[in-house]
Amino acid sequence: MLKRLKAKPIGLASLSVPMLALFCTAAYAAPKVVSGPAADPKCMTPWASDTQFLQFPKKEGPYRIALANGYIANTWRIQMVQTAKAYAAQPDVKAKLKEFKVVSTGEDVPAQISAINNFIDAGYDAVIVDAQNPTAFGPVIKRAKEAGVVLVAFDNTLDTKDAINVNVDQKGLGVIWGDWLVKHMPNGGKVLEVRGVAGTSVDTDRHDGIKETLAASGKKFNVTEVVGKWDDGVAQKATADAIATNGPFDGFTAQGGDTGVVQAMMDAKHPFVPFGGETENGFRKLCAAHAGDGLKCTSAGTGPAQVAVAIQTAIAALEGQVIPQAIKLPTALVSDPDFKEGQDYYPKESDNFFVGNAFPTCGINFTAQEIMGQTKADQ
C-alpha cells in the first residue's frame, strides 16, 4: 500500500546561496524610470539631456557592497583601490556599510565576470566594477538586474542602460591632447601615441579622440602607436623602443605612464617637445621643470576618486534616491604655463600619485596620506 507523503514547506535556511538568490528574484522590482533632477544634482550630473533618471526600491541598510576591479598593475588602479578603501573607511560611509569587499582579477574578462556572479550569488546589495570590456558583460548585467543587485560601472564603463555608469568624458580627454598637439605642431609632424590597456573602453575612447582631432586639423600627422598599459615601467620601455626605431618625434601623447615616457625621452637624449598627457604627479613635476626646455605640456585626466563617486551613487540607489543612469564627472586639467607648485603638483610627494583626485561637488577630497595608508590587496 502506498502512503501519501505530505510535502514539507521549504525553509529559506535550507536553500543554497545561488538557489536563495533565484528564489528571491521575484521579490525584487526593477528600478523605475522617473523624472529628474537627481537627489544630489551638484554631484550626479546627467551625462546628456536625454539621460534617464532611475529610482531603485529602497533597501534597509547597512549594505554589503563589493568592488570588482580588473587590471591592477599600474599606479592609477592601485590608487583607485586605495581610494575606495579610504572612502569606505570614512565614518559616515562606514556606518552605512555592513561589508565592503575588494577583488582584482587582472586582464582576464571571464574572471571578472565570474567575480561579479559570485557577489550576486552571495547576496551583495551592490557591485562596483571597472570593466575590462564594455560589451562582454551582458549575461551578468541581466543577472544583477533580476537579483535586485545595483550594478555601478565607472572609468571603463558598460555598454548598457541596465547598469549605472559613472565617468568623465574619456573621448574628450583624447580631444584635449589632440588639440594641444595641433596647436603646438603648426606644420604637423611625427607623433608617438602611448596607449593604455587594449580592449578597454577608456583606451578606445581616448585613442578615438586623439585620432579624430588630428585628422580634422587638416595637417599631416604621422602617428606611431605603442602600448604602455597606463604604467610607467611598461610605457618607458615602449617609448624607448619607439624612439630607437622610429624616432625622433615632434610630439608625444600618452594616456598614462607619462612619467616613464618623459624619462625615456631624457634617457635617449630626445629633444623635449609638446606633450599631451594624464595627471600623474611625476609627469607634472617634469613638465614644470622642463617647460623652458621645450616640454610644453597639457595635463588632463580623471582622478581615481571617481570610484568613491561610484560607491556614493550605489548607496544613494540602495536608499531609494533618484539618480541618473549615466553620470558625468568633471575633468581635471592644467596646461603650460599654469603649473603651480603645491596646487597642480607636489614636489615632496611620490611621482606615482595622480593629482586632481577630488570631486568637491560630491564632497570627495582625499589627501595623499589618507590614500597611501591603504593597501592594494584584495579584502
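Trainee: At what angle do α9 and helix α10 (residues 281–289) pack?

Mentor: This is a predicted model. The axes of α9 and α10 lie 7 Å apart. The angle at which the two helices pack is about 40°.

Trainee: Which word describes the orientation of α9 and α10 to each other?

Mentor: The packing angle of α9 and α10 is about 40°. Angles under 35 degrees count as roughly parallel, and 65 to 115 as roughly perpendicular. The pair is therefore oblique.

Trainee: Which residues of α10 are met by α9?

Mentor: From α9, the residues in the contact are D258, T259, V262 and M266. By class, the contact has four nonpolar, two polar and one charged residues. On the α10 side, the residues met are G282, F283 and L286.

Trainee: What is the handedness of the crossing of α8 and α9?

Mentor: Helix α8 covers residues 232–246 and helix α9 covers residues 258–267. Their axes come within 7 Å and cross at roughly 35°. The crossing is right-handed.

Trainee: How many charged residues are in the contact of α8 with α9?

Mentor: In α8, the residues D232, A235, Q236, T239, A240 and I243 take part. They meet D258, T259, G260, V261, Q263, A264, M265 and D267 in α9. The contact divides into six nonpolar residues, five polar ones and, as charged residues, three.

Trainee: At what angle do the axes of α6 and α7 cross?

Mentor: Helix α6 spans residues 170–184, and helix α7 spans residues 201–216. The crossing of α6 and α7 is right-handed. Their axes come within 7 Å and cross at roughly 35°.

Trainee: How many nonpolar residues does the contact of α6 with α7 have?

Mentor: Among the α6 residues in the contact are L173, W177 and L181. The α7 residues include V202, I210 and L214. Of the residues in the contact, five are polar, six are charged and, as nonpolar, eight.

Trainee: Through which helix does the chain cross from β8 to β9?

Mentor: Strand β8 (residues 189–195) and strand β9 (residues 221–227) run parallel and are joined by seven bridges. V194 stands opposite V226 in β9. The β-α-β crossover between the strands is right-handed, and it passes through helix α7.

Trainee: Which are the edge strands of the six-stranded open sheet?

Mentor: The strand order in this sheet is β4-β3-β5-β6-β7-β14, with parallel pairing. Neighbouring strands are turned by 15° against each other on average, direction ignored. An edge strand pairs on one side only, and here these are β4 (97–104) and β14 (326–328).

Trainee: What is the bridge partner of A126 in β6?

Mentor: Strand β5 covers residues 126–129, and strand β6 covers residues 150–154. They pair in the parallel sense over four bridges. The partner of A126 is V150.

Trainee: At what angle does α2 run to β4?

Mentor: Helix α2 covers residues 75–89. It lies across β3 (63–69), β4 and β6. Relative to β4, α2 runs at about 170°.

Trainee: Which residue in β2 stands opposite V34?

Mentor: Three strands form an open sheet in the order β1-β2-β13, with antiparallel pairing. The edge strands are β1 (32–34) and β13 (322–324). Three bridges join β1 to strand β2 (residues 53–55). Opposite V34 stands F53.

Trainee: By what angle are neighbouring strands of the sheet β1-β2-β13 turned against each other on average?

Mentor: The sheet is open, and its pairing is antiparallel. With direction ignored, the average turn between neighbouring strands is 45°.

Conventions:
Residues are numbered from 1 along each chain as its sequence is written. This is a predicted model: local features need pLDDT of at least 70, side-chain atom pairs count only at pLDDT 80 or more; totals for chains, interfaces and linings use all residues. Side-chain values use heavy atoms; hydrogens and water are left out. Axes are lines fitted to C-alpha atoms, for helices over the stretch in contact, and angles run from 0 to 180 degrees between N-to-C directions. A crossing is left-handed if the near helix is turned anticlockwise from the far one by less than a right angle, and right-handed if clockwise. Contact means heavy atoms within 4.5 Å. Ala, Val, Leu, Ile, Met, Phe, Trp, Tyr, Cys and Pro count as nonpolar, Asp, Glu, Lys and Arg as charged, and the others, Gly among them, as polar. Two strands pair if DSSP finds at least two bridges between them. Angles under 35 degrees count as roughly parallel, over 145 as roughly antiparallel, 65 to 115 as roughly perpendicular and the rest as oblique. A crossover is right-handed if, with the strands pointing away from the viewer, the path from the first strand over the helix to the second runs clockwise.
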